[in-house]
Amino acid sequence: MDFQAITAVPVHMCRLQNLKTLSISNNPLLESLPGALGHLPSLKSLRLISNPSLRTPPNEIVSRGFASIKAYLKRLAGGFTECRRTKLMLVGLGGAGKTSLLKAVMSPNKKTAGTSGEDITNGIDIMPWTVKTNNDIEVTYNTWDFAGQTLYYNTHQFFLSKRAVYLLLWSTRQGYEHAGLEFWLSSIASHAPKTPIFVVGTHCDQVPKADIPMDDLQQKYPQIAGFHFVSSVQGIGIAKLEEDLIQVTLEQKNMGEKVPKVWLNMEKKILAFRSTRSTLPWNTIKEIGMEDWYI
């Protein structure tokens, strides 16, 4: 089934009980494979190459080879959930207002009283944030608030993810020249070259007009999704930033990805240990997996 104009594999293919080899490659419109393919008893080879629109199974599964693809499809056939989850990474220099912005965007009135010295982020703060669109679509972000002190720069690069949306903050009070935007833009471009970035100028209520070479930055870093100016204390620009953030997030390929329910069940069971343990032994993980036949 190579070089076809199909968007999905026909369901009747799942009835070919003696099928041993299947090649589905170079199909630019193909989006998904049926989970029932994973139950074909004789299937020993599944070739998936150059299917740029393929979402089910995701690239991370396809890259692991046939055994992982078949296992994923088999579990998918047992039920799945369309997940709309991603990481929201807040980066920038210390004092740019990352924590304040996060508080503002998560608050009902889109404002915050700001932060005190005790609220300075050390390392990375991670917390969930679920937002519902006007169409009643829920998007869940795992927000990663990165400390802005240079002490942490060498370690931050290990956490820059492709499955994410970035908010790169800079303080308009300090000016573009001292914002360190080039460092963060080049770092993100190196580790996550196609991931969208919003460049956000903070404290806009204190600076009448902030100069930033938008056209030059956009040309150099085409993954920039937009420029915003906000005030977390006054609530200026927060709602618009959230609106654009959700819109760009929903345009990402991994949105609505089909995740087997057994995977999500296992995740819930592991997360339930958070309140009592910081680590889990491998034997405990295996026991949890065996309960749902994940392992």
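**Exercise 1. Work out how H3 and H7 are arranged relative to each other, and who makes the contact.**

Solution. Start with the verdict: H3 and H7 sit roughly perpendicular to each other. Now check it step by step, keeping in mind that this is a predicted model.

- Step 1: get the geometry. H3 and helix H7 (residues 238–250) pack at an angle of about 80°, and their axes are 10 Å apart.
- Step 2: apply the cut-off. Angles from 65 to 115 degrees count as roughly perpendicular, so that is the label for H3 and H7.
- Step 3: list the partners. H3 brings Leu101, Ala104 and Val105, while H7 brings Ile238, Leu241 and Glu242.
- Step 4: sort them by class. The contact of H3 with H7 has five nonpolar residues, no polar ones and one charged one.

**Exercise 2. Zoom in on Ala104: is it buried or exposed, and what does it touch?**

Solution.

- Step 1: place it. Ala104 belongs to helix H3 (residues 98–106).
- Step 2: look at accessibility. Buried means under 20% relative accessible area; Ala104 comes out at 0%, so it counts as buried.
- Step 3: find its contacts. Skipping neighbours within four places in sequence, Ala104 touches Lys110, Lys111, Thr112, Ser232 and Ile238.
- Step 4: follow up one of those contacts. Lys110 is in the loop between H3 and strand S5 (124–132), and it has a positive phi of about 60° although it isn't a glycine.
- Step 5: try a longer ruler. Leu43 is 61 residues from Ala104 along the chain, and their C-alpha atoms are separated by 52 Å.

**Exercise 3. Describe the packing of H8 and H9.**

Solution. Two packed helices are described by the angle between their axes and the distance between the axes.

- Step 1: read off both values. Helix H8 (residues 261–271) and helix H9 (residues 282–291) pack at about 140°, with axes 9 Å apart.
- Step 2: name the arrangement. That angle makes H8 oblique to H9.
- Step 3: add the handedness. H8 and H9 cross in a right-handed way.
- Step 4: pick out the residues. Met266, Lys269 and Ile270 of H8 meet Ile285, Ile288, Gly289 and Glu291 of H9.
- Step 5: classify them. The contact of H8 with H9 has four nonpolar, one polar and two charged residues.

**Exercise 4. Hunt for backbone oddities at Asn26 and Pro57.**

Solution. Most residues other than glycine have a negative phi, and most peptide bonds are trans.

- Step 1: check Asn26. Its phi is positive, about 55°, although Asn26 is not a glycine.
- Step 2: locate Asn26. You'll find it in the loop between strand S1 (21–23) and S2.
- Step 3: judge its exposure. Asn26 has 27% relative accessibility, so it counts as partly exposed.
- Step 4: check the bond from Thr56 to Pro57. This peptide bond is cis, with omega near 5°.
- Step 5: locate Pro57. It lies in the loop between strand S2 (45–47) and helix H1 (59–62).

**Exercise 5. Step back and sketch the whole protein.**

Solution.

- Step 1: count elements. The protein has nine helices and ten strands.
- Step 2: divide it up. The domain assignment gives domain 1 (1–78) and domain 2 (85–251), and 37 Å separate the centres of the two, taken over C-alpha atoms.
- Step 3: box it in. Along the principal axes, the C-alpha atoms fill roughly 70 × 50 × 40 Å.
- Step 4: check burial. Of the 295 residues, 44% count as buried.
- Step 5: look at contact range. Among contacts with a separation of 6 or more, 67% come from residues 24 or more positions apart.

Technical notes. Residues numbered from 1 in each chain as written. Predicted model: local features only at pLDDT ≥ 70, side-chain atom pairs only at ≥ 80, totals over all residues. Heavy atoms only, no water. Domains from an automatic or database assignment. Axes fitted to C-alpha atoms, helices over the stretch in contact; angles between N-to-C directions. Helix = DSSP H or I, 4+ residues; strand = E, 2+ residues; numbered from the N terminus. Parallel < 35°, antiparallel > 145°, perpendicular 65-115°, else oblique. Left-handed = near helix turned anticlockwise from the far one by under 90°. Contact = heavy atoms within 4.5 Å. Nonpolar A, V, L, I, M, F, W, Y, C, P; charged D, E, K, R; others polar. Buried < 20%, exposed > 50% of the residue type's maximum accessible area, 1.4 Å probe, protein only.
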